Amino acid sequence: MLSAFIWVPILGAVVIGFWPWSIKPARSRTLALIIALSVVIWNGFLAIEFDPMVNQMQFPEFIPWIEFLGLNYHLGLDGLSLSLLFLNSLLTAIAIGASDKSISRPRFYYAMLLLLSAGAAGAFLAQNLLLFFLFYELEIIPLYFLIAIWGGTRRGYAAMKFLLYTALSGILVLASFLGLVWFSGANSFDYELLRNHNLPLTLQIVLLGTLLVGLFIKIPIFPFHTWLPDAHVEASTPISVLLAGVLLKLGTYGLVRFGVGLFLNAWVVFAPWLATLAAVSALYGASCAIAQQDMKRVVAYSSIAHMAYILLATAATTRLSILASIFQMIGHGLISALLFLVVGLVYKKTGSRDVNVLRGLLNPERGLPITGSLTILGVMASAGIPGMVGFVAEFLVFRASFPIYPVQTLFCLVGTGLTAVYFLLMVNKVFFGRLTVQLGKLPRVLWSEHIPAFVLVAFILFLGIQPIWMVRWTEPEAPFLLTGDWEMAYSIPNQLAGRQGRLLRNSSYQLPVTSSL
């Protein structure tokens with residue numbers, strides 16, 4: 001059942017890319033969209049069959065592979081994986097639907113999109129650390145080509161920079177996994193087996209530190225972020241949607257799954273510093289976003305700030321905060337995808353993303369009124385306006401983090417306030433006022449071009465009003481991730497665990513939050 005998320009896109013990519021007879025570009029796009037939508041439907045079926053009260057991996061698949069290396073084809077699904085799997089399948093279909101119908105080399109393009117989706121799905125489902133690493137690295141290849149071939153004027157530089165940074169990320173993640181297996185004496189990379197290790201705290205700290213640096217590059221967290229703005233600016237709109245909406249989540253998924261799940265004792269030691277780094281990254285991203293003149297760079301730096309909230313929530317290490325981090329992953333994925341879509345539409349119709357050039361695009365006669373309205377809605381969602389998924393996600397993050405790290409949470413709240421500042425500056429300049437004379441009458445935006453954005457708006461509003469539909473999958477996952485070495489974490493001396501260790505033992509706010517939502 002779970003293999004379909006990996007092998008259906010891969011087989012689709014092979015058919016589209018290597019079919020011996022010619023395929024019209026429109027048919028390549030249609031075939032890729034059918035494959036992506038079939039994966040979305042299959043994801044919905046599994047969501048119906050998924051039992052959130054079962055605190056173990058569901059629909060498991062296990063095939064021995066290279067046993068002397070400890071590598072097995074082992075897949076499993078839980079609330080964390082299910083949420084991100086749905087986000088991946090949805091945004092893949094959105095990206096294909098938003099792709100230009102006249103794109104060059106369409107067979108190779110759509111094959112790379114499907115291969116990218118398969119790599120992300122495999123990483124979210126893998127229950128073997130070495131298998132996760134293989135899928136973690138697999139997505140680098142198609143994304144490199146998607147930026148290098150269909151990107152902007154500096155696409156070669158951006159693609160190579162992305163490749164070098166993410167390759168380094170993979171090396172560090174692999175080094176941490178190898179160290180865990182080597183020092184624990186395990187004969188397999190299976191996740192559940194390695195959760196029961198008894199490594200000394202000092203060694204756990206070294207391994208977790210290596211893992212964190214690798215994942216911080218992927219997320220990215222300041223100061224490992226410099227590859228992201230260049231990649232976003234040079235990537236085409238559909239690739240930016242997948243990059244921000246899905247691929248960055250591989251890093252935050254790793255924080256929750258492997259950072260907390262494998263090294264909980266060491267995580268408690270790192271946690272105060274991680275919360276501080278989250279606050280710094282949030283303020284840095286928001287400050288840089290204010291200074292940008294390119295609309296796409298504004299959204300890119302906004303992503304850096306909002307991804308830091310996931311780190312803050314994960315650092316708090318409570319049931320509510322783990323739930324909050326998962327919800328923030330989904331919320332950011334939907335909102336950032338919407339913002340990149342509408343910015344892409346603006347650039348397609350005007351030929352510019354410069355906030356000092358564009359004016360008055362909300363003009364109902366000669367402007368882009370629907371695109372402008374969708375942009376304003378996306379900005380409101382990112383700023384945390386009630387009734388949208390961004391509000392629920394950020395409320396959970398700050399509610400869970402404040403009792404543990406009040407100072408860092410307050411700084412992140414300042415970052416949330418700055419979100420309204422830089423987005424309002426952008427919206428005010430680009431969409432209000434008199435329409436720029438040199439733009440003239442802009443080309444009409446077809447309704448088909450707005451459909452991907454409308455789909456995202458529907459999910460943003462639905463999960464903002466009815467978050468229970470996402471919470472019911474992910475809420476039981478939090479205590480499952482916090483088991484195993486959790487009691488040992490309490491035994492860490494207070495000088496290491498500090499204020500967090502004392503609060504965790506007495507935290508009454510860790511109760512399930514379903515009823516309150």
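Biologist: I would like to learn how to read this model feature by feature, so let me start with a proline: where is the place of P223?

Modeller: P223 sits in the loop between α9 and α10, and please keep in mind from the outset that this is a predicted model. The peptide bond that joins F222 to P223 is cis, with omega at about 10°.

Biologist: Which residues does the other cis peptide bond, with omega of about -10°, join?

Modeller: That bond links I219 and P220. The loop between α9 (201-218) and α10 is where P220 is found, and P223 belongs to the loop between α9 and α10 as well.

Biologist: Turning to backbone angles, what is phi of R105 near, and is R105 buried or exposed?

Modeller: For R105, phi is near 45°, which is a positive value in a residue other than glycine. R105 lies in the loop between α3 and α4 (106-125), and because its relative accessible area is 51%, where the cut-off is over 50%, R105 counts as exposed.

Biologist: And T317, is that residue buried or exposed?

Modeller: T317 also has a positive phi although it is not glycine, in this case near 55°. Its place is the loop between α14 and α15, but here the relative accessible area is 0%, so T317 is buried.

Biologist: How should I read a hairpin, and which residue takes a positive phi in the hairpin of β1 and β2?

Modeller: Begin with the pairing of the strands: β1 (residues 58-66) and β2 pair in the antiparallel sense over six bridges, and P64 has N72 of β2 as its bridge partner. Four residues lie between the two strands, and in this hairpin G70 has the positive phi, near 75°.

Biologist: How many of the residues of β2 are buried?

Modeller: Seven of the seven residues in β2 (residues 71-77) are buried, and the strand is accordingly described as mostly covered. L71, Y73, L75 and L77 point one way from the strand, while N72, H74 and G76 point the other way, and residues of both sets are buried.

Biologist: Let us move to helices; why can the length of α18 be said to agree with what is expected?

Modeller: The general idea is that an α-helix has 3.6 residues a turn, so residues three or four places apart point the same way. As for length, α18 (residues 406-431) has 26 residues, which at 1.5 Å a residue should span 38 Å, and the C-alpha atoms at its ends are 37 Å apart, so the two values agree. Following α18 comes G433, which has a positive phi near 90°.

Biologist: How many disulfides are there?

Modeller: The check is whether two cysteine sulfur atoms lie within 2.5 Å, and the count comes to zero disulfides. C288 takes part in none, since its nearest cysteine sulfur, that of C412, is 15 Å away, against a cut-off of 2.5 Å. Likewise, C412 is in no disulfide, with the sulfur of C288 as its nearest at 15 Å. C288 is buried with a relative accessible area of 15%, and C412 is buried with a value of 0%.

Biologist: Now for open space: how much of it lies in the largest pocket, and which residues are closest to its centre?

Modeller: The largest pocket holds about 1,000 Å³ of space. It is lined by 40 residues, and those closest to its centre are A98, S99, D100, T237 and P238. Several helices each supply at least two lining residues, including α2 (25-49), α3 (79-98), α11 (237-247) and α19 (447-465), while the largest share, seven residues, comes from α15. Sorted by class, the lining of this pocket has 22 nonpolar, ten polar and eight charged residues.

Biologist: How many cavities of 30 Å³ or more does a search of the whole structure find?

Modeller: The search finds four, and the largest of them has a volume of about 110 Å³. Its lining consists of 15 residues, with H306, H332, I335, S336 and S382 nearest the centre. Helices α14 (295-316), α15, α16 (369-382) and α17 (389-401) each give at least two lining residues, and α15 gives the most, with six. By class, the lining of this largest cavity has five nonpolar, nine polar and one charged residues.

Notes: Residues are numbered from 1 along each chain as its sequence is written. This is a predicted model: local features need pLDDT of at least 70, side-chain atom pairs count only at pLDDT 80 or more; totals for chains, interfaces and linings use all residues. Side-chain values use heavy atoms; hydrogens and water are left out. Buried means under 20% relative accessible area, exposed over 50%, partly exposed in between (1.4 Å probe, protein chains only). The expected span of a helix is 1.5 Å times one less than its number of residues. On a 1 Å grid over the protein atoms alone, a cavity is a set of points where a 1.4 Å probe fits but cannot get out, and a pocket is an open set with protein on both sides within 12 Å along at least five of seven lines; lining residues have an atom within 4 Å of a point. Grid points are joined across faces, edges and corners, and a volume is the space filled by probe spheres set on the points. Ala, Val, Leu, Ile, Met, Phe, Trp, Tyr, Cys and Pro count as nonpolar, Asp, Glu, Lys and Arg as charged, and the others, Gly among them, as polar. Two strands pair if DSSP finds at least two bridges between them.
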